[in-house]
Amino acid sequence: MATEAQAQWVLTATGRSPTNIAVIKYWGKRDEALILPVNDSISVTLDPDHLSATTTVAASPAFPSDRMWLNGKEIALSGGRFQSCLREIRKRARDVEDEKRGIKIKKEDWEKLHVHIASYNNFPTAAGLASSAAGFACLVFTLGKLMNVNEDYGELSSIARQGSGSACRSIYGGFVKWCMGKSDDGSDSMAVQLVDESHWDDLVIIIAVVSSKQKETSSTSGMRDTVETSPLLQYRAQTVVPGRILKMEEAIKNRDFESFARIISLVEKWNHSEGTPQVAYTFDAGPNAVLIARNRKTAALLLQRLLYCFPPQENNLDSYMVGDKSILSSAGVQSLADIEALPPPPEMKTPTQKFKGDVSYFICSRPGAGPKVLTEERHTLIDSATGLAKGV
């Protein structure tokens with residue numbers, strides 16, 4: 001694998017993967033260990049410039065053990081989900097050669113080489129914004145690049161699923177379906193891309209971050225409790241979801257926003273006053289609302305309503321809108337004074353109470369692409385000289 005003189009080399013790869021928001025939810029597992037769901041689900045991948053995980057993985061014969069850092073803090077890699085992803089990628093590893101550095105790694109050597117992993121989310125972790133989806137998708141994707149894995153994205157999605165169920169959907173961009181599968185071994189439970197991010201690129205997605213704190217109840221615990229206590233879960237999975245999946249696929253294919261919005265839910269007063277849906281909304285596992293506007297003009301009108309009802313508590317507009325900040329200009333808002341001057345939404349019959357401080361901040365995004373390799377040194381999270389996470 002390496003001579004004694006070469007034993008200090010560190011080989012790295014860096015990747016970035018987006019998060020996704022489900023428009024038809026996965027909720028409940030039929031197999032906890034393999035993370036096999038009780039129903040199909042569909043999601044939209046968000047622009048990774050706004051919500052994503054960046055991960056660097058490094059391998060070296062000098063590493064005595066596997067280690068990982070998340071957002072600058074070292075965490076244990078002993079958990080079964082991390083080990084499942086590492087095991088499945090190592091099984092598929094192939095020969096790697098770096099001629100310039102004189103590094104040759106045979107596929108059988110990967111079982112003996114330890115890895116260091118550093119990952120960073122550019123949005124709150126464990127707050128109900130699918131940080132685990134972005135994180136495990138990025139881990140699997142980047143490990144695959146480091147170890148020269150040749151599997152297609154469908155197979156990679158099946159591996160990412162074993163880290164976090166919804167991670168399988170973050171292997172692709174655009175709109176993605178996670179097929180629950182029927183096999184007991186989970187071999188057919190994987191994601192497929194319905195359409196890429198360019199198919200419906202006029203959609204605008206605004207997330208109202210009510211809380212960026214870690215959820216009090218994890219998705220895993222919530223699903224387990226639902227499976228054990230809810231008599232309606234199987235009815236939802238077997239009767240309600242299959243029909244909605246078909247309707248949602250058709251709406252996405254035809255870019256039929258009216259059908260798309262009605263399948264999710266309605267922003268009641270505005271949609272009712274217009275006579276046709278303007279905005280759809282959904283929630284992930286946390287308290288944060290995800291609002292999907294049919295186009296940028298509608299998104300600007302939506303933002304005016306949101307800022308009128310939920311003005312910033314701090315005198316800092318720049319930090320109150322993250323992601324695609326240009327939506328503020330589209331809404332005619334350049335300053336706090338512009339927010340104070342916003343008129344009440346016309347569909348509100350009486351002056352509406354304002355809830356300053358109830359929303360921490362907004363994120364503006366759009367449908368985005370899937371994972372990609374980052375080659376510039378500035379993106380690397382591991383020091384190639386020491387093999388340790390930068391800044392620790």
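How far from the sulfur of Cys 309 is the closest cysteine sulfur, and in which residue does that closest sulfur lie? In this predicted model, the closest cysteine sulfur to that of Cys 309 belongs to Cys 364 and lies 18 Å away, which is too far for a bond. Cys 309 itself is buried, its relative accessible area being 10%. A second cysteine, Cys 168, was examined in the same manner. The cysteine sulfur closest to that of Cys 168 is found in Cys 179, at a distance of 8.9 Å, and this separation is likewise too far for a bond. Cys 168 is also classed as buried, with a relative accessibility of 0%. A disulfide is a covalent bond between the sulfur atoms of two cysteines. Because the sulfur atoms of such a pair must lie within 2.5 Å, neither the 8.9 Å separation at Cys 168 nor the 18 Å separation at Cys 309 qualifies. The count for the model comes to 0 disulfides.

The packing of the helices was considered next, beginning with helix α1, which spans residues 80–92, and helix α3, which spans residues 153–161. The axes of α1 and α3 are 8 Å apart and form an angle of about 150°. Because angles over 145 degrees count as roughly antiparallel, α1 and α3 are described as roughly antiparallel to each other. The crossing of α1 past α3 is right-handed. On the α1 side, the residues that meet α3 are Cys 85, Glu 88, Ile 89 and Arg 92; their partners in α3 are Glu 155, Leu 156 and Ile 159.

Helix α1 also packs against α2, with the two axes 10 Å apart and at an angle of about 25°. This angle makes α1 roughly parallel to α2. The passage of α1 across α2 is again a right-handed crossing. Residues Arg 81, Phe 82, Cys 85, Leu 86 and Ile 89 of α1 meet Phe 136, Leu 139, Val 140, Leu 143 and Gly 144 of α2. Cys 85 and Ile 89 of α1 thus appear both among the residues that meet α3 and among those that meet α2. An α-helix has 3.6 residues a turn, so residues three or four places apart point the same way.

Helix α3 is largely enclosed by the rest of the structure, since 7 of its 9 residues are buried. The buried residues are Gly 154, Leu 156, Ser 157, Ser 158, Ile 159, Ala 160 and Arg 161. The elements against which these buried residues pack include both helices and strands: α1 and α2 (131–146) on the one hand, and β4 (36–37), β12 (175–179) and β13 (190–195) on the other. At the N-terminal end of α3, Asp 152 acts as a cap, with one of its side-chain oxygens 3.1 Å from the backbone nitrogen of Gly 154.

Two buried polar residues have side chains placed beside backbone atoms. His 116 is located in strand β11, which covers residues 114–121, and is buried at a relative accessible area of 3%. A polar atom of the His 116 side chain lies 2.5 Å from the backbone oxygen of Gly 387. Gly 387 is also listed among the contacts of His 116 beyond four places in sequence, together with Thr 56, Val 57, Ala 58, Phe 63, Ser 65, Arg 67, Trp 69, Ile 382 and Leu 388. Asn 288 occupies the loop that joins β15 (279–283) to β16 (289–293) and is buried, with a relative accessible area of 0%. In Asn 288, a polar atom of the side chain lies 2.7 Å from the backbone nitrogen of Val 210.

Several partly exposed residues complete the description. Arg 244 belongs to helix α5, residues 233–254, and is partly exposed at a relative accessible area of 45%. Although Arg 244 and Ile 24 are 220 residues apart in sequence, their C-alpha atoms are 7.8 Å apart in space. Asn 71, in the loop between β7 (67–70) and β8 (73–75), is not a glycine yet has a positive phi of about 50°; its relative accessible area of 34% places Asn 71 in the partly exposed class. Arg 255, also not a glycine, has a positive phi of about 50°. Arg 255 is situated in the loop between α5 and α6 (257–264) and counts as partly exposed, with a relative accessibility of 44%.

Terms used: Residues numbered from 1 in each chain as written. Predicted model: local features only at pLDDT ≥ 70, side-chain atom pairs only at ≥ 80, totals over all residues. Heavy atoms only, no water. Buried < 20%, exposed > 50% of the residue type's maximum accessible area, 1.4 Å probe, protein only. Helix = DSSP H or I, 4+ residues; strand = E, 2+ residues; numbered from the N terminus. Polar contact = N/O pair within 3.5 Å; in protein donor to acceptor, adjacent residues only side chain to side chain. Contact = heavy atoms within 4.5 Å. Axes fitted to C-alpha atoms, helices over the stretch in contact; angles between N-to-C directions. Parallel < 35°, antiparallel > 145°, perpendicular 65-115°, else oblique. Left-handed = near helix turned anticlockwise from the far one by under 90°.
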